[in-house]
Amino acid sequence: MKRSIIKFGVSALIIGLALYLILALYAQGEFVFALLFLVLTGSAVFVFFDKRLYAHRYIYPSLAGMTLFVIFPLLYTVGIGFTNFSADNLLSHERVQQSLLSRTYESEAVRYKYQLFEQPEGYVVYLDAPTQTLRSAPFSLDATEKLEPVPVTATTDQPVGEALPLRDVIKLRKALGKVVLATEDGRELRQANLRAFAAVHPLYSLAGGEQLVNNRTGVTYYPNHDTGFYQSAEGDRLTPGWSVTIGFANYLQVLTDPGIRDPFLQIFLWTIVFAVATVVFTLLLGLLLANLLQWDQIKGKAFYRTMFILPYAVPAFISILVFKGLFNQNFGEINLILENVFGIRPDWFSDPTLARTMILIVNTWLGYPYMMLLTMGLLQSIPRDLYEASAMDGAGPLSNLLNVTFPLIIKPLVPLLVASFAFNFNNFVLIALLTGGAPDIIGAGTPAGTTDLLVSYTYRIAFQDSGQNFGLAAAIATIIFLLVGALSLLNLKLSKIKV
């Protein structure tokens with residue numbers, strides 16, 4: 001009985017915390033995340049309290065993790081691809097409206113330096129300008145409601161006592177920001193900064209529910225829910241804008257805009273070439289070294305095996321940075337050797353072909369130990385009598401490799417080769433640390449480089465472009481996901497592996 005009470009109490013506490021999180025997310029306007037946690041909480045209660053689903057309790061945590069960290073981010077990315085979400089369209093319509101209404105302007109060039117005095121009757125502001133000095137009536141800064149305009153009069157009498165130091169003014173700056181000083185000639189003065197008051201007015205005012213009127217120019221701006229901006233009749237936009245659904249516009253832009261389509265196709269082809277070439281080069285080098293380590297005539301195999309595996313043991317980012325220094329065009333050891341021996345100094349980071357060659361060299365170095373380990377295990381599983389029979393037929397090492405070794409290891413290797421292809425298709429770290437995508441593609445409408453992969457190209461659009469077009473980046477990320485999935489399925493089908 002006591003155990004059941006404890007179990008019920010712990011369950012109630014967890015559910016209560018989950019519901020509190022859901023309500024907090026909903027109150028912050030995060031409806032999608034609130035719905036996600038509501039679904040996860042409801043399904044957890046259903047699975048753990050229904051005796052008919054007892055066996056599913058053990059697999060539910062993994063399913064919940066898959067939903068939270070894989071499926072939901074994927075669906076969320078796909079959803080963003082159908083919006084204009086960007087640096088200019090981050091907020092909701094309500095928050096954009098509030099931001100624009102909070103903007104102000106100064107109608108006069110003159111500013112009044114001020115001092116704040118604390119008197120028995122309240123606070124007094126003493127204003128000093130080149131042409132006149134003003135003194136306000138006593139007022140309170142503790143009022144919870146909106147403060148009424150405080151009258152000021154022209155005078156040369158400074159309030160009695162010492163003015164409050166700047167540190168005390170800083171503490172009162174939020175309350176002082178609500179104070180409006182009304183002059184005798186009908187002007188209104190507001191705090192312009194910590195040291196001055198000025199004739200500050202709201203730049204925009206709300207009219208007709210949603211329209212904004214520029215109080216300085218008289219221009220009216222109307223909300224355009226198709227583009228997510230306030231626009232005037234002449235088409236002038238106010239920033240920031242708000243996020244709206246734009247359908248397939250981002251996908252069509254990838255296909256129709258030459259400034260995006262041409263770099264995208266070039267980067268897409270290079271990404272495929274890079275992934276395929278990496279798999280081929282690492283497999284060939286790994287298989288060659290694995291065969292050499294199987295040779296009975298070689299002594300000290302343990303030492304060589306350890307040395308060949310070292311590139312796999314060193315963190316990749318360290319190796320990449322080391323190679324970046326080795327390939328340095330001016331001071332790198334590789335160019336120093338090439339210049340002294342052959343009299344050439346290749347532009348590894350400036351020439352597109354050489355930059356791509358450098359990337360393949362570095363990635364082959366990083367990837368061959370993995371292939372070597374795989375093929376070493378597969379080679380040991382091949383019966384030795386097959387090679388003896390092949391030797392009796394007069395076959396040499398190359399014939400054995402092509403007719404015995406390769407056919408027997410290729411089928412077990414195919415799923416791993418497909419996984420290696422998918423990994424290198426999205427090998428962001430290598431490009432980001434080695435070249436950063438450079439050299440750039442001339443004429444591209446977005447940040448794009450000749451060594452960029454699709455994943456690094458997407459990153460640059462989202463975080464390095466001046467507009468930070470997250471919607472376009474999400475659309476490209478969705479296309480990448482579909483391409484990788486389609487190519488992986490094609491590889492599996494061609495290799496006749498059941499999926």
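The questions and answers below walk through parts of a predicted model.

Biologist: Which strands form the open sheet, and in what order?

Modeller: The model is predicted. Its open sheet has five strands with antiparallel pairing. Strands β10 and β14 are the edges, as each pairs on one side only. The order is β10-β11-β12-β13-β14.

Biologist: Which helix packs on this sheet, and at what angle to β10?

Modeller: The helix spans residues 93-101 and is α4. It touches β10, β11, β12, β13 and β14. Its direction and that of β10 make an angle of about 130°.

Biologist: Is Gln-97 of that helix buried or exposed?

Modeller: Gln-97 is found in α4. Leaving aside neighbours within four places in sequence, Gln-97 is in contact with Leu-206, Gly-209, Glu-210 and Tyr-230. The cut-off for buried is under 20% relative accessible area. Gln-97 has 16%, so this residue is buried.

Biologist: Which side chains of β11 point to the buried face?

Modeller: In a regular strand the side chains alternate between the two faces of the sheet. Strand β11 covers residues 211-214 and shows this alternation. Gln-211 and Val-213 point to one face and are not buried. The side chains that point to the other face and are buried are Leu-212 and Asn-214.

Biologist: How many bridges join β10 to β11?

Modeller: Strand β10, residues 204-207, runs antiparallel to β11. One of the pairs is Ala-207 with its bridge partner Gln-211. The number of bridges that join the strands is four.

Biologist: Which residue takes a positive phi in the hairpin of β10 and β11?

Modeller: This hairpin has three residues between the strands. The positive phi there is near 65°. The residue that takes it is Gly-208.

Biologist: What phi does Gly-218 have in the turn between β11 and β12?

Modeller: Strand β12 spans residues 220-224 and is joined to β11 by two bridges, the strands running antiparallel. Val-213 stands opposite Thr-220 of β12. Five residues lie between the two strands of this hairpin. Gly-218 in the turn has a positive phi of about 80°.

Biologist: Which residue of β14 stands opposite Gln-231?

Modeller: Strand β13, residues 229-231, pairs with β14 in the antiparallel sense. Two bridges make up this pairing. Opposite Gln-231, in β14, stands Arg-237.

Biologist: What distance does helix α8 reach from its first C-alpha to its last?

Modeller: Helix α8 runs over residues 258-294 and has 37 residues. At its start, a side-chain oxygen of Asp-257 reaches to within 3.1 Å of the backbone nitrogen of Gly-259. At 1.5 Å a residue, the expected span is 54 Å. The model comes close to that, with 53 Å.

Biologist: Is Thr-364 buried or exposed?

Modeller: Thr-364 is found in helix α12, residues 352-380. Setting aside neighbours within four places in sequence, Thr-364 is in contact with Phe-281, Thr-282 and Leu-285. With a relative accessible area of 12%, Thr-364 is buried.

Biologist: What kind of aromatic pair do Tyr-54 and Tyr-58 form?

Modeller: The model holds 24 aromatic pairs. For Tyr-54 and Tyr-58, the ring centres are 6.1 Å apart and the planes are at 75°. Planes over 60 degrees apart count as edge-to-face. The pair is therefore edge-to-face.

Biologist: Which strands does the pair of Tyr-114 and Phe-197 tie together?

Modeller: The ring centres are 4.9 Å apart and the planes are at 85°, so this pair is edge-to-face. Both Tyr-114 and Phe-197 are buried. The pair ties together parts that are 83 residues apart in sequence, because Tyr-114 lies in β2 and Phe-197 in β8.

Biologist: Is Phe-428 buried, partly exposed or exposed?

Modeller: Phe-428 is found in helix α15, residues 428-434. Ring pairs link Phe-428 into a cluster with Phe-85, Tyr-459, Phe-463 and Phe-470. Leaving aside neighbours within four places in sequence, Phe-428 is in contact with Val-455, Ser-456 and Tyr-459. At 27% relative accessibility, Phe-428 counts as partly exposed.

Methods
Residues numbered from 1 in each chain as written. Predicted model: local features only at pLDDT ≥ 70, side-chain atom pairs only at ≥ 80, totals over all residues. Heavy atoms only, no water. Buried < 20%, exposed > 50% of the residue type's maximum accessible area, 1.4 Å probe, protein only. Pairing = 2+ DSSP bridges. Contact = heavy atoms within 4.5 Å. Axes fitted to C-alpha atoms, helices over the stretch in contact; angles between N-to-C directions. Expected span 1.5 Å × (residues − 1). Polar contact = N/O pair within 3.5 Å; in protein donor to acceptor, adjacent residues only side chain to side chain. Phe/Tyr/Trp six-rings, centres within 6.5 Å; stacked < 30°, edge-to-face > 60°.
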